[in-house]
Amino acid sequence: MLSSPAPTIIASGLTALAYALMLWAHARMSAAQLRSLLVLAWLLHAVVLLRGLLNQPASFGFAPALSITLWLVLTVYLLESRLYPQLKARRALGWLGMGVVLLALVFPGATYPALSSPWMPLHWALGIASYGMIAAAVTHAWLMQRAEKAMRLGRTNDTDMPLLTLERLTFRLVGAGFVLLTATLLAGGWFAESLNHRWTWNHKTVFSVLAWATMGVLLLGRWRLGWRGGMAARMVYLGAGLLLLGYVGSRFVIEVFLQR
């Protein structure tokens with residue numbers, strides 16, 4: 001059952017329609033036209049997110065977290081595709097965008113009538129930003145593996161993204177995600193201390209620290225041992241999976257299975 005306000009339902013429907021139109025027109029329009037459609041979907045998606053964040057009382061959960069994360073990935077893609085037109089992930093991002101917008105409409109999350117600390121939104125913002133950067137790194141790792149496979153099969157052409165460029169972009173995003181995740185963990189500990197709470201090793205903390213350690217090991221392995229290719233991509237997937245279990249996975253179980 002939909003529990004979102006009518007304007008949010010309309011905005012979400014229009015956003016999903018924009019993503020669907022881009023998917024339908026993928027083989028019928030030029031690259032410039034498809035980019036315009038993707039920018040329109042990105043703008044409508046931003047409106048949906050702002051409506052959700054500005055509603056009173058505020059609500060948040062696993063689906064809105066996924067929606068914000070995908071929007072950040074799309075932001076990175078739109079910026080990078082200006083510099084590297086060879087990046088080809090529009091169809092995948094279109095399907096994911098349509099899916100998370102509709103998912104957030106059905107599962108808007110729990111309401112938060114009052115915050116325990118006025119600084120808590122900063123902790124949330126850092127956490128979501130780290131999700132976005134690491135999710136963008138996952139997208140690039142997938143593109144990197146796809147380019148590596150095409151190169152092995154001799155299917156590359158002059159319009160494909162160079163493998164070394166994809167690899168460099170992937171590790172830049174991993175580095176940015178690692179820094180943001182470090183700041184998120186430090187901020188979480190600082191906020192707990194400021195509220196006279198002890199650091200608690202719950203499932204969210206454990207999975208987040210494991211994700212942080214995985215990304216740290218990957219960056220160290222890249223720096224000292226030259227890790228790259230499939231090994232690096234698998235480490236990115238592992239770290240992202242652990243991070244996803246930290247908040248999104250637990251909230252999914254609470255909201256969908258336990259319905260709390």
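Biologist: Let's start with Met 161: where is its place in the structure?
Modeller: Keep in mind that this is a predicted model. Met 161 isn't inside a helix; its place is in the loop between helix H5 (120-152) and H6.

Biologist: Is Met 161 buried or exposed?
Modeller: The cut-off for buried is under 20% relative accessible area. Met 161 has a relative accessible area of 8%, so the verdict is buried.

Biologist: Which residues is Met 161 in contact with, leaving aside its neighbours within four places in sequence?
Modeller: One of them is Tyr 84, which sits 77 residues away along the chain, yet the two C-alpha atoms are separated by 7.6 Å. Taken together, the contacts of Met 161 are Tyr 84, Gln 86, Leu 87, Ala 147, Leu 166 and Leu 169.

Biologist: Over to helix H1: how far apart are its end C-alpha atoms?
Modeller: H1 covers residues 6-24, which makes 19 residues. At 1.5 Å a residue the helix should span 27 Å, and the model agrees: the end C-alpha atoms are apart by 27 Å.

Biologist: Which residues of H1 are buried, and how wide is the arc they fall within?
Modeller: The buried ones are Thr 8, Ala 11, Ser 12, Thr 15, Ala 16, Ala 18, Tyr 19, Met 22 and Leu 23. Looking down the axis of H1, they line one face of the helix, because they fall within an arc of 150°.

Biologist: Which helices are included in what covers those buried residues of H1?
Modeller: An α-helix has 3.6 residues a turn, so residues three or four places apart point the same way. In H1, the buried residues line one face. The cover over them includes helix H2 (31-54), helix H3 (62-83) and helix H4 (90-106).

Biologist: And which exposed residues does the face of H1 turned away from its buried side carry?
Modeller: One of that group, Trp 24, has company: Arg 28 lies over the face of its ring, at 4.4 Å from the ring centre. The exposed residues on that side of H1 are Ile 10, Leu 17 and Trp 24.

Biologist: How many aromatic pairs does the structure hold, and what are the centre distance and plane angle for Trp 42 and Trp 71?
Modeller: The structure holds 3 aromatic pairs. Trp 42 and Trp 71 make a stacked one, with values of 5.3 Å centre to centre and 10° between the planes.

Biologist: How many residues apart in sequence are the parts that this pair ties together?
Modeller: Trp 42 belongs to helix H2 and Trp 71 to helix H3. Trp 71 counts as buried, at 18% relative accessibility. The two rings come from separate helices, so the pair ties together parts whose separation in sequence is 29 residues.

Biologist: What kind of pair do Phe 178 and Trp 212 form?
Modeller: Planes under 30 degrees apart count as stacked. The ring centres of Phe 178 and Trp 212 are 5.6 Å apart and their planes are at 15°, so the pair is stacked.

Biologist: Which helices hold Phe 178 and Trp 212?
Modeller: Phe 178 counts as buried at 18% relative accessibility, while Trp 212 is partly exposed at 32%. The pair ties together parts 34 residues apart in sequence, because its members lie in helix H6 (residues 163-194) and helix H7 (residues 203-225).

Biologist: How many salt bridges does the structure hold, and what is the N to O distance for Arg 222 and Glu 167?
Modeller: The structure holds 2 salt bridges. In the one where the side chains of Arg 222 and Glu 167 meet, the N to O distance is 3.0 Å.

Biologist: How many residues apart are Arg 222 and Glu 167?
Modeller: Arg 222 is in helix H7 and Glu 167 in helix H6, so to speak distant parts of the chain. Arg 222 also lies over the face of Phe 171, at 4.3 Å from the ring centre. Along the chain, the separation of Arg 222 and Glu 167 is 55 residues.

Biologist: Which residues do the shared salt bridges join into one network?
Modeller: Arg 228 also meets Glu 167 in a salt bridge, at 3.2 Å from N to O. Arg 228 lies in the loop between H7 and helix H8 (229-257), so this pair ties together parts 61 residues apart in sequence. With partners shared, the network consists of Glu 167, Arg 222 and Arg 228.

Note on methods:
Residues numbered from 1 in each chain as written. Predicted model: local features only at pLDDT ≥ 70, side-chain atom pairs only at ≥ 80, totals over all residues. Heavy atoms only, no water. Helix = DSSP H or I, 4+ residues; strand = E, 2+ residues; numbered from the N terminus. Expected span 1.5 Å × (residues − 1). Buried < 20%, exposed > 50% of the residue type's maximum accessible area, 1.4 Å probe, protein only. Arc of directions from axis to C-beta. Contact = heavy atoms within 4.5 Å. Phe/Tyr/Trp six-rings, centres within 6.5 Å; stacked < 30°, edge-to-face > 60°. Lys NZ or Arg CZ within 6 Å of the ring centre and 35° of its normal. Salt bridge = Lys/Arg side-chain N within 4 Å of Asp/Glu carboxyl O.
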